[in-house]
Amino acid sequence: MSNKLVDICVNLTDDVFAGKEKNIIDAANKNNVAKMVLVGNDLDSSLKVSSLAEQFSFVATAGYHPHNAKDWNEKSYDRLLSILKNNHVKAVGECGLDFNRNFSTPEIQNSVFLNHIDLAKETNLPLFVHERDAFHQMHSIIKDSIKDCDKIVVHCFTGTKNALIDYLDLGVHIGLTGWICDDRRGKHLRDFINIIPDDKLFIETDSPYLSPYISSKKPEVTSAMKHLNKPEYLVEVAKDVAKYRNQSYDYICEITYQNYLKFFGIDK
Ligand SMILES: [Zn+2]
């Protein structure tokens, strides 16, 4: 039994954490977060998280976030491939489609995402997917690829019940963030997150974004806690996920830890 938490999405290379990585990790450890997946979102950050993961015995991913898909060039595939050969790099991503803000055009996002699927097939590593306002396109791409790329997590799921059902039908894993704690944006999720099978569930902070305290009215919650998320706050996500799935906090720790070991191929 493990009663430790794993945060499967920490953006530790974000500028707000620069120079404070060790403090952020120590504080998370003190708050029961034993492991983290450090996500890469472009070539530079993928290199950085690879070395941070080695330093702190965590797991890293390597890929281009859809916002950064426009920076993909003819060397990107081979460069990512060489990062993915590092022992601590256990997934391809984060990658995917984000049609909410379209920082890269949908066409570029689409073609860069397909390159990541090729990388996952070539390396036999899981795919770490970001999808926002692009469910139909994403579902159809995953449906076509899943037979050759069978470990996929759609992180930070915030969609509808029908979208969740369709993703689960394909066999993908689902990551839940502090949206679940947000009385304004995350309320709809509370009615149906119990349909995620135990063996497909992950929890995450996506820090420094999406603080679980954003809509909290508790007097001890400061404005800094609302606006700067940290991996140490994962316990709040775990508590709410437990509450709305009608499971215990310890049980959420146990299943998400086991899923982490299995999905990312960790030996112990
Ligand atoms: Zn994301």
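Reader: Let's start with Phe-128. Which strand does Phe-128 lie in?

Author: Phe-128 belongs to strand β5, which covers residues 127–132. Keep in mind that this is a predicted model.

Reader: Is Phe-128 buried or exposed?

Author: A residue counts as buried if 20 or more other C-beta atoms lie within 10 Å of its own. Phe-128 has 31 other C-beta atoms within 10 Å, so it is buried.

Reader: What does Phe-128 touch, leaving out residues up to four places away in sequence?

Author: Its contacts include Val-39, Thr-61, Ala-91, Gly-93, Glu-94 and His-155. As for distance, the C-alpha atoms of Phe-128 and Asp-26 are separated by 25 Å, and these two residues are 102 apart along the chain.

Reader: How should I read a nonpolar core?

Author: Here is the general idea: in soluble globular proteins, nonpolar side chains tend to be buried together. In this structure, the largest nonpolar core has 71 residues, and Leu-38, Val-92 and Leu-127 have the most contacts inside it. Among the residues that Leu-127 touches are Val-92, His-116, Ala-120 and Cys-149.

Reader: Which peptide bonds are cis, and where is phi positive?

Author: First the background: most residues other than glycine have a negative phi, and most peptide bonds are trans. One cis bond runs from Gly-93 to Glu-94, with omega near 5°, and Glu-94 sits in strand β4. Another cis bond joins Ser-207 and Pro-208, where omega is about 10°; Pro-208 is in the loop between β8 and α7.

For positive phi, look at Asn-124, with a value of about 65°, and at Cys-156, with a value near 50°. Neither Asn-124 nor Cys-156 is a glycine.

Reader: Are Asn-124 and Cys-156 buried or exposed?

Author: Asn-124, in the loop between α4 and β5, has 11 other C-beta atoms within 10 Å and is therefore exposed. Cys-156, in the loop between β6 and α6, has 24 such atoms within 10 Å and is therefore buried.

Reader: How do I check the length of a helix, say α2?

Author: Compare an expected span with the distance between the ends. At 1.5 Å a residue, the 14 residues of α2 (residues 43–56) should span 20 Å, and the end C-alpha atoms are 20 Å apart, which agrees. The buried residues of α2 include Leu-43, Val-49 and Leu-52. Parts of the structure that cover the buried residues of α2 include α1, β2, β3, α3 and β4. Just after α2, Ser-57 has a positive phi of about 55°.

Reader: How many residues of strand β1 are buried?

Author: Six of the six residues of β1 (residues 5–10) are buried, so this strand is largely enclosed by the rest of the structure. Strands β1 and β2 run parallel and are joined by four bridges; in one of the pairings, Val-6 has Lys-35 in β2 as its bridge partner. Between the two strands the chain passes through helix α1 (residues 21–30), making a right-handed β-α-β crossover.

Reader: Finally, how many helices and strands are there in the protein?

Author: The protein has nine helices and eight strands. Its radius of gyration is 17 Å, close to the 18 Å from the globule rule for 268 residues, so the protein is as compact as a globular protein of that length. Of the 268 residues, 44% are buried. Along its principal axes, the C-alpha trace spans about 50 × 40 × 35 Å.

Methods. Residues numbered from 1 in each chain as written. Predicted model: local features only at pLDDT ≥ 70, side-chain atom pairs only at ≥ 80, totals over all residues. Buried ≥ 20, exposed ≤ 12 C-beta atoms within 10 Å, placed from the backbone. Pairing = 2+ DSSP bridges. Right-handed = clockwise from strand over helix to strand, strands pointing away. Core = buried A, V, L, I, M, F, W, Y, C linked by C-beta atoms within 7 Å. Contact = placed C-beta atoms within 7 Å. Rg over C-alpha atoms; globule rule 2.2 N^0.38 Å. Expected span 1.5 Å × (residues − 1).
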